[in-house]
Amino acid sequence: IARDLRFGGPSFALSAEDGSGLRGLEVAARLLQRGEVDLMLVGAVDLAGDVRAFLAQDRIEPWSRSGVARPMDHRADGPVVGEGAGAVLLKRLSDAERDGDRIYAVVDGCGAGADWSSALTRAQEDARSDRADLGLVELAASGSPKRDATELRALANFLEADGSPTALSAIRGLIGDAGAAGGLASLMKTALALYHRRLPALPNFERPVEGLVPEGSAFHVPIAPQYWHQDQASGPRRAGVSDRSLFGNYLHVRLSEWI
């Protein structure tokens, strides 16, 4: 792609399992921060075409037998197979403003770690923002009861149950588990939510498993799209995007609306 479109600059592939999309985004952001590039195209693609890979993953984390992905829901019985491709264009904010570009969201910080807590903390420190100012978190939740519960507990502990309402959503309830492309799909969905100031709905959601949402947390799951209310005196709307790989890499990106 870089050769045919004559992009110039660095061009490379990156493999980090299901976290490849968000890891590529972090690499691009660092290159822009250091002034090594002026524009980066970050893409990810995953095709569920190899039945051997499908069966091998089922041995590690079983796919849904019902064929319906229900992240965080009491009826969840596993993820469903998804696939896709997507790309985002990154520029320094000052350059995008100067050039009159349409800005869907601002990347405030990126973090990765060996568990959810370290990924969330590193992204928050990179963004230099408060922990509990996230009005929306796009989860990596896929419909796997055990993994979804682990992610929610870590997020609740991180946000420290301060009472600020945080909406939860998960694109894997819409498109299935799209592997390496899933993280960028989550990012694009969240950027659009910030741009349009709307909290997205989570399909196929009735109610969480008893005990799944930690007591004292202010999480809520919109079952229909709704306006994202925000007191502008407290700053822009902010959101988080989480992703993880099958074998223990956790990633989190903080976004904010451009105002």
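Author: The radius of gyration here is taken over C-alpha atoms, and the globule rule is 2.2 Å times the number of residues to the power 0.38. Keep in mind that this is a predicted model.

Reader: Okay, what makes the radius of gyration of the protein chain agree with a compact globule?

Author: For 259 residues the rule gives a value near 18 Å, and the protein chain has 18 Å, so the two agree. As for the box around its C-alpha atoms, that is roughly 50 × 50 × 30 Å along the principal axes.

Reader: How do you know which residues of the protein chain count as buried, and what percentage do they make up?

Author: The cut-off is under 20% relative accessible area. By that test, 48% of the 259 residues are buried. The accessible surface comes to about 13,100 Å², and carbon and sulfur atoms hold 51% of that.

Reader: Let's talk strands. Why is one side of β3 and of β7 left without a neighbour in the sheet?

Author: Start with the sheet: six strands make an open one, ordered β3-β10-β9-β4-β5-β7, with mixed pairing. β3 (106-113) and β7 (219-220) stand at its edges with a single partner strand each, so one side of each has no neighbour in the sheet.

Reader: And what makes β9 and β10 a pair?

Author: Pairing takes at least two bridges between two strands. β9 (residues 238-244) and β10 (residues 250-256) are joined by seven, running antiparallel, so they pass. In that pairing, Gly240 is opposite Arg254 in β10.

Notes: Residues are numbered from 1 along each chain as its sequence is written. This is a predicted model: local features need pLDDT of at least 70, side-chain atom pairs count only at pLDDT 80 or more; totals for chains, interfaces and linings use all residues. Side-chain values use heavy atoms; hydrogens and water are left out. Buried means under 20% relative accessible area, exposed over 50%, partly exposed in between (1.4 Å probe, protein chains only). Accessible areas come from the Shrake-Rupley method with a 1.4 Å probe; for residues, only the protein chains shown count as cover. Helices (H or I, at least four residues) and strands (E, at least two) are DSSP runs, numbered from the N terminus.
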